[in-house]
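Subject: Structure handover

Hi,

Here is the structure I promised to pass on. Please open it alongside this email, as my notes follow below.

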Amino acid sequence: MTKLFGTVMAAHGRHYLVEADSVLFNCVTRGKKSDVAVGDVVEYKLTSKNQGVIEAITERKTLLYRSDQYRSKLLAANLTQLFIVVATEPGFSDDLISRALVAAEAGGIKPHLVLNKIDVLDLLPHAKRRLETYQAMGYPVHLVSAKTNPEQTLATLMPLLEGQSTILIGQSGMGKSSLINLLIPDAEIATREISAALDTGKHTTTFVRSYHLNANSIIIDSPGFQEFGLHHLTEGMLERAFPEFRPHLGHCKFYNCHHHTEPGCAVLAAVASGDITKMRHEMYEQLVHEAAQTLGYK
């Protein structure tokens, strides 16, 4: 019997929209399993003309997810890049940016920062200054204005999206929906269709969904969220997910250095010299503390 494979285009609870040969199927998982993510290539079995059951998930190249002390939330699989959308107004969170960057680094996904609403000229210099920290670490920052200068926005972003599988994340109010609607002119229609297929009614902002930008480029939209827990990352994974830490790892006095208060710590020396910002080191310590609550180490 021929095995059937498709790509998960949207997820809501245990309901998934799977695409195969440009046809969409409403699929569920067996039992109470809900470990399927948008972007997964899955094996499925049809139970009726347009409904099926997911039998297996093929091997993932990448997986982006967040977690708190009690559960994990899968965002998307097989991504190549992550766009963190921030704006001149309302104010954006450095905490969320840092966490998203760490998640991308740990997951092998290339992160970009997109500063939207650059037409708000009085707030632009301050926003740009805040992003200089990330630029200094080598993260690309792209300046756009989806509503007031759509042509420039498309010219900036489209070449970056070509041939990629890209997820857009950000807090509510950053203009992520405006960017999606600009990049995918039929996004609102597609979202309504996806919502109807998943039987989610008006709750169109509560699920992750994927759109075809063109034949070889995918954009994934995610709900706006204020928190990005990373409780699943171990201390070793965390230290390597801070690129500015890497030149100093292995140079501490003690091989099992936690980069906290130990004498002869190369990372702390870099903080003292300004090579690593105090804000980023504090974020590292916070993430290690959170992970310890879940993973049980001290």
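Helices here are DSSP runs of H or I with at least four residues, numbered from the N terminus. By that count, α7 spans residues 266-273. G274 comes right after α7 and has a positive phi, near 95°. One caution before the rest: this is a predicted model.

**Around α7**

Three residues of α7 are buried: A266, V267 and A270. They sit on the same side of α7, because they cover an arc of only 105° around the axis. H248 touches each of A266, V267 and A270, and also D275 and I276, leaving aside residues up to four places away in sequence. H248 itself belongs to the loop between α6 and α7. Is H248 buried or exposed? Its relative accessibility is 19%, so H248 counts as buried. The cut-off for buried is under 20%.

**Aromatic rings**

How many aromatic pairs does the whole structure hold? The search finds four. One to look at is F242 with Y284: the ring centres are 5.8 Å apart and the planes meet at 85°, so this pair is edge-to-face. F242 is in the loop between α6 (235-240) and α7 (266-273), while Y284 is in helix α8 (residues 278-295), so the pair ties together parts 42 residues apart in sequence. Both F242 and Y284 are buried. F245 joins F242 and Y284 in one aromatic cluster.

There is also a charge over a ring. The charged end of R130 sits over F92, 3.9 Å from the centre of the ring.

**Cysteines**

The search of the whole structure returns zero disulfides. Why is C257 in none? The nearest cysteine sulfur belongs to C265 and is 3.6 Å away, whereas a disulfide needs the two sulfurs within 2.5 Å, so C257 and C265 do not qualify. C257 is buried, at a relative accessible area of 9%. C27 is buried as well, with 0% relative accessibility.

**Backbone**

Most residues other than glycine have a negative phi, and most peptide bonds are trans. Three places deserve a look with that in mind.

- The peptide bond from E89 to P90 is cis, with omega near -10°. P90 is located in the loop between β8 (81-87) and α1 (94-107).
- S22 is not a glycine, yet its phi is positive, near 65°. S22 lies in the loop that runs between β2 (15-20) and β3 (23-29). With a relative accessible area of 68%, S22 is exposed.
- K117 is another residue other than glycine with a positive phi, near 65°. The loop between β9 (110-116) and α2 (124-136) holds K117. Its relative accessibility is 23%, so K117 counts as partly exposed.

**Where to start**

I would begin at H248 and its contacts with A266, V267 and A270. Then go to the cluster of F242, F245 and Y284. After that, turn to the cis bond from E89 to P90.

Best wishes

How values were computed: Residues numbered from 1 in each chain as written. Predicted model: local features only at pLDDT ≥ 70, side-chain atom pairs only at ≥ 80, totals over all residues. Heavy atoms only, no water. Buried < 20%, exposed > 50% of the residue type's maximum accessible area, 1.4 Å probe, protein only. Phe/Tyr/Trp six-rings, centres within 6.5 Å; stacked < 30°, edge-to-face > 60°. Helix = DSSP H or I, 4+ residues; strand = E, 2+ residues; numbered from the N terminus. Lys NZ or Arg CZ within 6 Å of the ring centre and 35° of its normal. Contact = heavy atoms within 4.5 Å. Arc of directions from axis to C-beta.
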